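Subject: Structure for you to look at, with notes

Dear colleague,

Here is the structure I promised to pass on, with the sequence alongside. Please look through both before you read the notes that follow.

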Amino acid sequence: EPPAIYGRFDLAFDGQDIKLLEYNADTPTALLEASVIQWDWLQARFPHADQFNSLHERLIAKWTDLKPYLTEPLYFAHADQGSGEDLMTATYLRETAVQAGLQTEILQMDQIGWNPTLGFVDLNERSMRSIFKLYPWEWMAHEAFGAHALAADPRVQWIEPAWKMLWSNKALLAVLWELFPGHSNLLPAFLSDPHGMTEYVRKPLLSREGANVTVVTSAGTTTTAGEYGEEGFVYQAVAPIPALDGQHPVLGSWVIDGEAAGMGIRESADLVTSGTSCFVPHLILPA
């Protein structure tokens, strides 16, 4: 079983019902905010309150469990991204691995090379055996070394593993609705067309950070910009996301090693949560 570390379910909550918006299985971000930043806020502002947040401890525990099965150094690779968010997330995850006692290195994805004898190599031509990558699998699959990454090479452990491609594809939403129609935590979702829904959200199967999303409601139609959509779309019913002081909160439920470990909240003035949406910390008041 290839090692899998984390994921984030995005949920709509109207005070009564919880609905699944999507599952970020391969490259979820906003982890640092959900882990140590909002915990430090809680300790500074409300030291007697609590928070649903064991992310940091569980990440360290997971790396500790994996240590005997990994080849060190464990590499952390990220995209060369202008915002720096991927670098920040990869650096934080690297820190949790260091606290678990692992030797680590960090580099950009385009700094990974291929050697026919050694396999994947770093800038010093050292063979890379254990690699955490904050980079979409569907991008990797279509790039120069994609065939090597997808090959069943027992020498290389990719984290997250290739099967995360299936779970990060939003077609999963339509599959879930087909398997469990009417489930209380699911929204109706279909491939190809809205299936008669008059209010719906059209999402590209592989988009990120709210790009190329179209929202159709009785109030009108809005579409966000982006470069996704060539791969197709899923049509999902509009979620019951309330407007609170003009903001629409979306709950991010984080899982570490397959178990719920913490929550982060992002807010937007509209129904689409993007990479620039505000992160809002939470607290649990004592009874």
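What radius of gyration would a compact globule of 287 residues have, and what does the protein have? Please keep in mind throughout that this is a predicted model. With 287 residues, a compact globule would have a radius of gyration near 19 Å, and the protein has 20 Å, which agrees with that expectation. Along its principal axes, the C-alpha trace of the protein spans about 60 × 50 × 35 Å.

The protein is built with seven helices and 16 strands. Of the contacts with a separation of 6 or more, 63% are accounted for by residues 24 or more positions apart. Buried residues make up 49% of the 287 residues, while the accessible surface comes to about 14,200 Å², with 56% of that surface belonging to carbon and sulfur atoms. As for charge, the protein has 17 positive and 36 negative charges, and the mean positions of the two groups are 4 Å apart.

Two residues are described in more detail below.

The first of these notes concerns His282, which is placed in the segment after strand E16 (278-280). Is His282 buried or exposed? His282 counts as buried because its relative accessible area is 7%, where the cut-off for buried is under 20%. Leaving aside residues up to four places away in sequence, His282 touches Gln38, Trp41, Leu42, Gln51, Phe52, Met263 and Ile265. With Phe52 there is also a polar contact, in which the side chain of His282 reaches the backbone nitrogen of Phe52 at 3.1 Å.

The other note concerns Thr224, which lies in the loop between strand E12 (220-223) and strand E13 (233-237). Thr224 is partly exposed, since its relative accessible area is 24%, and partly exposed covers the range between the 20% and 50% cut-offs. Which residues does Thr224 touch, not counting those up to four places away in sequence? They are Gly210, Ala211, Asn212, Val213 and Val272. With Val272, Thr224 is separated by 48 residues in sequence, yet the two are 8.2 Å apart in space, C-alpha to C-alpha. The side chain of Thr224 also makes polar contacts with two backbone nitrogens: a polar atom of the side chain lies 3.0 Å from the backbone nitrogen of Asn212, and the side chain reaches the backbone nitrogen of Val213 at 2.8 Å.

With best wishes

How values were computed: Residues are numbered from 1 along each chain as its sequence is written. This is a predicted model: local features need pLDDT of at least 70, side-chain atom pairs count only at pLDDT 80 or more; totals for chains, interfaces and linings use all residues. Side-chain values use heavy atoms; hydrogens and water are left out. Helices (H or I, at least four residues) and strands (E, at least two) are DSSP runs, numbered from the N terminus. The radius of gyration is taken over C-alpha atoms; the globule rule is 2.2 Å times the number of residues to the power 0.38. Buried means under 20% relative accessible area, exposed over 50%, partly exposed in between (1.4 Å probe, protein chains only). Contact means heavy atoms within 4.5 Å. Accessible areas come from the Shrake-Rupley method with a 1.4 Å probe; for residues, only the protein chains shown count as cover. Lys and Arg count as positive and Asp and Glu as negative; His and the chain ends are not counted. The place of a charge is taken as NZ of Lys, CZ of Arg, CG of Asp or CD of Glu. A polar contact is a pair of N or O atoms within 3.5 Å; within protein, one must be able to donate a hydrogen and the other to accept it, and residues adjacent in sequence count only if both atoms are side-chain atoms.
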